[in-house]
Amino acid sequence: MTSSALSPMVEKLLLWLPLGARDRAAVLALPHTTRCMRAQEYIVREDDRPTHSCLLLSGYAIRHKIAGNGGRQIFSIHMKGDVVDLHNSILRRADHNIQTLTEVEVAMIPVDAIRKIAAEHPLVGQAMWYETLVDAAIFREWTLNVGRRDARARAAHLLCEFGIRLAVAGLGTKNDYILPMTQEQLADALALTSIHINRMLKALAQEGLIERTKRSVRILDFERLARIGDFDPRYLHLDRVSGAANA
């Protein structure tokens, strides 16, 4: 594949559909500008009318909303290869926030160019549609996680998901990776307090399921952790990725 800043986008879309050479070349040729952003910067704010879609080239970002009482709920975490606001090329007005979690490098692609390539290269359009559908599947699973699982299961489920997704993105293995979230951010993702998160992580470590430092996580018994977390990776729709569950 020709080297390009947009290569991570092609690699991600290829998870969903087998794009041909012309389709891949069209994605790589999309107009874009690259920029670096500090941690905690907003890529998109609620009620914005974004003119660009943002491809993450490095680092991590989150989607979230702020309740009237000031509480924050994180809906998902995004990593290299994710086009984190692809849907805004259609919806036009943002209904939530997208914020950097770490320092990131991004490629900003005009939404008009996203619409054009979807029309002129239908398979690319289908792959991008698939991407948004997988995002929706992850949202549903996170809703189930905070709504119907206990605190221990929520934490276990999140650790399993990160392991699988980071392995597929080439950013770690399912059993050994850097966790890019603070305890406060984990609390906002799991609808718990920071103190409760700390207790759950300590409990999982005491049970011999994980080892952790400030940020790194080693999963010592993935199968047992998955059972505790009620984790079934089918919602990630990675069945096309050879060995994803065993990465």
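1. Let's start with Ile-98, which counts as buried because its relative accessibility is 1% (buried means under 20% relative accessible area, exposed over 50%, and partly exposed in between, using a 1.4 Å probe and protein chains only). You'll find Ile-98 in strand E6, residues 97-100. Helices (H or I, at least four residues) and strands (E, at least two) are DSSP runs, numbered from the N terminus. Leaving aside neighbours within four places in sequence, Ile-98 is in contact with Glu-41, Tyr-42, Ile-43, Val-44, Ile-62, Arg-63, Val-84 and Asp-85, where contact means heavy atoms within 4.5 Å. Lys-65 is 33 residues away from Ile-98 along the chain, yet their C-alpha atoms are separated by 8.9 Å.

2. A quick word on what you're looking at: this is a predicted model, where local features need pLDDT of at least 70 and side-chain atom pairs count only at pLDDT 80 or more, while totals for chains, interfaces and linings use all residues. Residues are numbered from 1 along each chain as its sequence is written, and side-chain values use heavy atoms, with hydrogens and water left out.

3. Tyr-42, one of the contacts of Ile-98, has a partner of another kind. The charged end of Arg-45 sits over the ring of Tyr-42, 3.7 Å from its centre. For a charge to sit over a ring, NZ of Lys or CZ of Arg must be within 6 Å of the ring centre and within 35 degrees of the ring normal.

4. Now have a look at helix H4, residues 111-120. Which residues of H4 are buried? They are Val-111, Ala-113, Ile-114 and Ile-117. These residues are on the same side of H4, because they cover an arc of only 160° around the axis (the arc is that of the directions from the helix axis to the C-beta atoms). Turn to the other side of H4 and you meet Asp-112, Lys-116, Ala-119 and Glu-120, which are exposed.

5. What covers the buried residues of H4? The cover includes helix H1 (7-13), helix H2 (21-28), strand E3 (52-58), helix H3 (88-91), strand E7 (104-110) and helix H5 (122-148). Of these, E3 is itself mostly covered, with five of its seven residues buried. E3 and E7 also pair with each other, in the antiparallel sense, over six bridges; two strands pair if DSSP finds at least two bridges between them. If you want a spot to zoom in on, Ser-58 stands opposite Glu-105 in E7.

6. Helix H7 (residues 183-190) is mostly covered too, since six of its eight residues are buried. Those buried residues are Gln-185, Leu-186, Ala-187, Asp-188, Ala-189 and Leu-190. Their cover includes strand E5 (72-78), H5, helix H6 (151-168) and helix H8 (194-206). Just after H7, Ala-191 takes a positive phi of about 55°.

7. Zoom in on Gln-185 in H7, which is buried with a relative accessible area of 7%. The side chain of Gln-185 reaches the backbone nitrogen of Thr-182 at 2.8 Å. Not counting residues up to four places away in sequence, Gln-185 touches Gln-40, Arg-72, Ile-74, Leu-101 and Pro-180.

8. Pro-180 is worth a stop as well. It belongs to the loop between strand E8 (176-178) and H7, and it is buried, with a relative accessible area of 6%. Beyond residues up to four places away in sequence, Pro-180 touches Tyr-60, Ile-77, Leu-101, Thr-102, Gln-185 and Arg-215. The C-alpha atoms of Pro-180 and Ala-61 are separated by 9.6 Å, with their positions 119 residues apart along the chain.

9. On to the aromatic rings. Rings of Phe, Tyr and Trp (its six-membered ring) pair if their centres lie within 6.5 Å; planes under 30 degrees apart count as stacked, over 60 as edge-to-face and the rest as tilted. By this rule the count comes to three aromatic pairs. One of them is Trp-16 with Tyr-130, stacked at 5.2 Å centre to centre with 10° between the planes. This pair links distant parts of the chain: Trp-16 is in the loop between H1 and H2, Tyr-130 is in helix H5, and they are 114 residues apart. Trp-16 counts as buried, at 2% relative accessibility.

10. Phe-222 and Phe-231 form an edge-to-face pair, 6.3 Å centre to centre with 80° between the planes. Phe-222 counts as buried at 8% relative accessibility, and Phe-231 is buried at 9%. Together with Tyr-235, Phe-222 and Phe-231 form one aromatic cluster. Phe-222 also has Lys-174 over its face, at 4.4 Å from the ring centre.

Terms used:
A polar contact is a pair of N or O atoms within 3.5 Å; within protein, one must be able to donate a hydrogen and the other to accept it, and residues adjacent in sequence count only if both atoms are side-chain atoms.
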